[in-house]
Amino acid sequence: MSHAESRTVVVLAAGEGKRMKSATPKMLHRLLGRTLLGHVLVAAEAAEADRTIVVVGHKADQVRAHLAEIAPAATPVLQAEQNGTGHAVRIALDAVPETGGTVVVLNADVPLLRPATVAALIEAHEESKAGATVLAAEVADPTGLGRVVRDANGNLERIVEERDATAEQRAIREINAGIYAFDAALLREALGKLSTDNDQGEEYLTDVFGLLAAVDHPVGVYVAADAQETLGCNDRAELARLRALLRDRVNTAWMRSGVTIMDPATTWIDVTATVEPDAVIDQNTQLLGDTRVAAHAVVGPDVTLVDTAVAEGATVLRAHCVGAQVGPEATVGPYSYLRPGTTLGRKAKVGGFVETKNAELGDGAKVPHLSYVGDAAIGPKANIGAGTIFANYDGVKKHRTTVGEAAFVGSDTVLIAPVEIGPGAYVAAGSAIAKDVPPGNLGVTRAPQRNVEGWTERRRAGTASAEAAERAERESGGNAER
């Protein structure tokens, strides 16, 4: 590690979050690709800690399961009774009794917190040798928030809640962000002295600061560069506000890196997605999960990509793609659905109203219109006519269809898998193909056409169709072809 101090991160994630009014624990609500807890754990990585402890409580099993997925090295510690923040930190440290150095305490509901801010807080704390350091933020409207009252040396004198503040103190715009760095030994000692003698009957972590000051250990204050980083989340309205703020932050970063975003207000890019310079993202577009968009690609308008890769120069218009690979200069849409396992080669085309699943399109292959392509491999330069169905499911098992290089499948065709259309083969429009078509052959299953003379006049007498037929016969002198 690049620092001499031992470091421990404690993330407080035990609360129920009653105001969310949700069956899902508050810390597991999502915004832009991560949960609230997930965002905070990413910020915590900047601490380069020896250990990370996550205090769990409400629906602890769900939170533990999520933690195992996103941060398996973190240690969950159960706070069975939510007896306050001081109690939570105390049981976290009881789980690692030999811990020394610096302890960083983070709340799990501050998803906009930047890693750089965590690192700067720790650096300021360790350089000052303070007993503790409080992260503060300067806000335009501090109503309802705890004010940071400093002493003559600029250190923390105390944190005053609004209900207890004087008029002078209420004018203070520096507020407590609820994020702290502590000297581990001094924190342990102070936690052992906390009282529940307050209106909530809980152990308050903020009471530690008074205990430290009483024994002449100063408490420093570090002010975050951006107050938005310290915003918490208590209900769905606040979650939506944080989501929009994070959207704007993410979009601004991509635009400054060389990406064109036509309408940032309607573009949502997960923090887990990547976009290369000179890509163009049009309005009403979502790039979700592990989506990657390469240079000179155009995505949107009205596109949702989930875990999808779009290669250089490709275009995706008004489409929904999940787990797909869109090759260089390929085109998709409008109104098409690419499902997992879809791979498009260079200059391949999926046109309007097409659904694909486990389908591979070779370079230059085309499925232009109104088709379903499931469990298929389509060779380079092959053309699939409008209204073609790859019938891949027999009611029990899925089967695969292969269409060879430069083959041509006519419109309104059903390819009944398993079946192979050879390179250069043709399938006549309107066919139902259940047997292989060898290379260079024409596959056709249509019955011979016959025209029943006078059918409309006999069977649809008195209709507009019958009248039109009679009129045509009269005009042709009764010599219309039968």
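In this predicted model, Lys357 is buried, because its relative accessible area is 8%, and a residue counts as buried when that value is under 20%. Lys357 is found in strand β28, and, leaving aside residues up to four places away in sequence, Lys357 touches Arg339, Pro340, Thr342, Tyr372, Val373, Gly374, Asp375, Asn392 and Lys398.

Strand β28, which spans residues 355-361, is also one of the elements that give two or more residues to the largest nonpolar core, together with α8, β19, β22, β30 and β36. This core has 59 residues, and among them Ile378 and Val403 touch the most other members. The largest share, six residues, comes from α8. Domain 1 (7-230) and domain 2 (258-443) both give residues to the core, so the core lies between them. As for Ile378, and again not counting residues up to four places away in sequence, its contacts are Glu360, Leu361, Gly362, Ala365, Val367, Val373, Ile384, Phe390 and Val403. A second core of 34 residues, separate from this one, includes Val10, Ala88, Val105 and Val221.

The two domains come from the domain assignment of the protein, and their C-alpha centres lie 49 Å apart. The table lists what each domain brings to the contact between them.

| Domain | Residue range | Residues in the contact |
|---|---|---|
| Domain 1 | 7-230 | four residues |
| Domain 2 | 258-443 | five residues |

For residues 9-163, UniProt gives the feature "domain: MobA-like NTP transferase", in an unreviewed entry. Over this stretch the chain is 28% helix and 26% strand, while the end C-alpha atoms are 31 Å apart.

Helix α6, at residues 184-191, shows how burial can be arranged around a helix axis. Which residues of α6 are buried? They are Ala184, Leu186, Leu187, Ala190 and Leu191. These residues cover an arc of only 160° around the axis, and therefore they lie on the same side of α6. An α-helix has 3.6 residues a turn, so residues three or four places apart point the same way. The buried residues of α6 are covered by elements including α3 (85-94), β6 (102-107), β10 (174-183) and α7 (207-214). At the start of α6, the backbone nitrogen of Ala185 has a side-chain oxygen of Asp183 within 3.1 Å.

Conventions. Residues numbered from 1 in each chain as written. Predicted model: local features only at pLDDT ≥ 70, side-chain atom pairs only at ≥ 80, totals over all residues. Heavy atoms only, no water. Core = buried A, V, L, I, M, F, W, Y, C linked by side-chain atoms within 4.5 Å. Buried < 20%, exposed > 50% of the residue type's maximum accessible area, 1.4 Å probe, protein only. Helix = DSSP H or I, 4+ residues; strand = E, 2+ residues; numbered from the N terminus. Domains from an automatic or database assignment. Contact = heavy atoms within 4.5 Å. UniProt positions renumbered as here; feature names shortened; annotations may be inferred. Arc of directions from axis to C-beta. Polar contact = N/O pair within 3.5 Å; in protein donor to acceptor, adjacent residues only side chain to side chain.
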